Each structure stands twice: as C-alpha cells, then as structure tokens.
Amino acid sequence: AAAFTQGTIFCVFALAVGMSGTLAAISVFWALPSGFLGSTAAAGGIALINSLANLGGFAGPYLMGWLKVASGGYTFGLCALAAGLIMTASLILLLGRGFTRQPVQ
C-alpha cells in the first residue's frame, strides 16, 4: 500500500501497519526451526536463517537503490520487498503445517 499511495501521511501509516505485521510474525518465525528439528539441527537451522538474514540486510539496500535508479521511484523497490515478505509468509504456512515433530522413543 505504501508503494502506491501519494500522500505522506498515508504512506507512513501503510509502512507502520506493514512493519507491525512483520514484527508480530518474527516470534512465530523463530520458533519454527526448533519446532520440527532436533536440538543440533535446530541450532544449524537457526544459524542458516541468521546467515540468510544477514545477506538480505547487505543486499537489500543495494537492490532498493538499483530499483530506484532504474525506475525513478520507490514503487518497484517496495514491491520487491513486499514480494519477499509474501514469499516468506507462504513458506511459513507450507512448512508450519507440513512438518510435525516426532516424539523420541
């Protein structure tokens, strides 16, 4: 919504709503690896997620800047960020329901 609004107040409100949803999902997201992986594998899964997040934190600003220069505005950059969040939400929904932790016997 922030990518397609013209007013500053509406844009800030849309960004605030989007950020609150993102921050609300973080606790659920970080609980997933330990929910379906064992103790050692959960540590590796958390490390992999953290490594990918660090790469995204490095590449994201470059992608946003490149898309701003290429298109002349922030619309395509915000749409790329929204596509990443939608992809992440879809992945969480698919993995969260597909994997169940088996009790140790």
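Begin the tour at Gly-72, the residue that follows helix α2 and has a positive phi, near 85 degrees. The structure on display is a predicted model, and every value quoted on this tour is computed from it.

**Helix α2**

From Gly-72, extend the selection back over α2, residues 39-71. This helix has 33 residues and reaches 46 Å from its first C-alpha to its last, close to the 48 Å expected at 1.5 Å a residue. Next, centre the view on Ala-59, where α2 bends by about 30 degrees. Within four residues after the bend comes a proline, Pro-61, which may be selected together with Ala-59. To see which parts of α2 are hidden from the surface, select Ala-42, Gly-45, Met-64 and Leu-67; these are the buried residues of the helix.

**The largest pocket**

Now show the side chains of Thr-22, Leu-81, Gly-84, Leu-85 and Thr-88. Of the 40 residues that line the largest pocket, these lie nearest its centre. Colouring the helices separately is useful here: the elements that give two or more residues to the lining are α1 (8-36), α2 and α3 (75-98). The volume of this pocket is about 1500 Å³. What is the lining of the largest pocket made of, by class? It has 31 nonpolar and nine polar residues, and no charged residues.

**Two cysteines**

Select Cys-11 and Cys-79 next, and display their sulfur atoms. A disulfide is a covalent bond between the sulfur atoms of two cysteines. A search of the whole structure finds zero disulfides. Why is Cys-11 without such a bond? The closest cysteine sulfur, in Cys-79, is 12 Å from the sulfur of Cys-11, too far for a bond, given that a disulfide requires the two sulfur atoms to be within 2.5 Å. Seen from the other side, Cys-79 is likewise in no disulfide, and its nearest cysteine sulfur is that of Cys-11. With the surface switched on, Cys-11 is found to be partly exposed, at a relative accessible area of 21%. Cys-79 also counts as partly exposed, at 29% relative accessibility.

**Leu-78 and a distant partner in sequence**

For the last stop, move to Leu-78, which is placed in helix α3. Is Leu-78 buried or partly exposed? Its relative accessible area is 23%, and it is therefore partly exposed, since buried means under 20%. Finally, add Ala-3 to the selection and draw a line between the two C-alpha atoms. Leu-78 and Ala-3 are 75 residues apart in sequence, yet 5.7 Å apart in space, C-alpha to C-alpha.

Notes. Residues numbered from 1 in each chain as written. Predicted model: local features only at pLDDT ≥ 70, side-chain atom pairs only at ≥ 80, totals over all residues. Heavy atoms only, no water. Expected span 1.5 Å × (residues − 1). Bend = angle between axes of the 7 residues up to and from the residue. Buried < 20%, exposed > 50% of the residue type's maximum accessible area, 1.4 Å probe, protein only. 1 Å grid on protein atoms, 1.4 Å probe; cavity = no way out; pocket = protein on both sides within 12 Å on 5 of 7 lines; lining within 4 Å. Points joined across faces, edges and corners; volume = space filled by probe spheres on them. Nonpolar A, V, L, I, M, F, W, Y, C, P; charged D, E, K, R; others polar.
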